[in-house]
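Hi,

Here is the structure I promised to pass on. Have a look at it first, and my notes follow below.

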Amino acid sequence: MSYSNDYRKKILGIDVDLVSKEKALERFYEIMDKPGFDMIVTPNSEIIENATRDAELAQLISEAALIIPDGIGLVYASKILKYDLQERVTGIDFLTEILGYLEKTGKSIFLFGSKPENEEMKSVAELAGISMKEKFPNLNIAGTHHGYFKPEDEADIVKAINESGADFLCVALGSPKQEKFMKAHRDEFINVRAGIGVGGSLDVWAGTVKRAPEFYQKHGLEWLYRFVKQPSRWKRMLRLPVFMMKVLTSKK
């Protein structure tokens, strides 16, 4: 079911909730207190730009109960469009807030996505869970599952999530795969109240990917740090200026 409020605006025709972290958390608490399953999506400028060319993704985003503005590009766009958005709310930071809430309330989380285990190490989801427990000792990790699967495996994954009794689902499959997975199975979840798509956040929690230093985070330059570390991402980096040009054109 779609969710509308005074904070939901359109950027390039795609819905975004122009909320602070505090407002986003308020909405999250409401979601967790009601029956049924709701999606939380964390689009950045690249995902918004992709959604302008992917009608299914655009519709999926609009149906989410909470659309967090994850990306400095959305802050810039909001200023151009005269929207009142003062800060971005990164998916990884919001997930940290969620973990604190789950620990405090005794609710559990299922971690789904990223690389499977191999001879050298556990799966990324398992490693992330271990790291989360170090920061939140009383957090209940209901279960984990890697993100390398075939379509015919999805029923078993949903069954594992349900049997775990998890209250919350963290999906790290990359966009739009993670959002499409949640939408496809949202009516099948029994106990799970909400799920969030977090891209590579589990890798950061697991320590297999290093997050940008605090300076880059504070100044909205994490994209630049990733580019410096992975020059092969240059094609993806071009999405930000393309996005900004489209916003400027849309205003005119």
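**What I found**

Strand β1 (residues 8-11) runs antiparallel to strand β2 (residues 14-17), with 4 bridges between them. Strands here are DSSP E runs of at least two residues, helices are H or I runs of at least four, and both are numbered from the N terminus; two strands pair if DSSP finds at least two bridges between them. R8 has D17 in β2 as its bridge partner. The two strands make a hairpin with 2 residues between them, and L12 in the turn has a positive phi of about 55°.

Before the rings, a word on the basis: this is a predicted model, where local features need pLDDT of at least 70 and side-chain atom pairs count only at pLDDT 80 or more, while totals for chains, interfaces and linings use all residues. Residues are numbered from 1 along each chain as its sequence is written, and side-chain values use heavy atoms, leaving out hydrogens and water.

Now the aromatics. Rings of Phe, Tyr and Trp (its six-membered ring) pair if their centres lie within 6.5 Å; planes under 30 degrees apart are stacked, over 60 edge-to-face, the rest tilted. That gives 9 aromatic pairs. One of them is F28 with F168, edge-to-face at 5.8 Å centre to centre and 85° between the planes. This pair links helix α1 (residues 21-32), home of F28, to strand β7 (residues 168-172), home of F168, 140 residues apart. Both F28 and F168 are buried (under 20% relative accessible area with a 1.4 Å probe, protein chains only; exposed is over 50%, partly exposed in between). F28, Y29, F94, Y101 and F168 form one aromatic cluster.

Cheers
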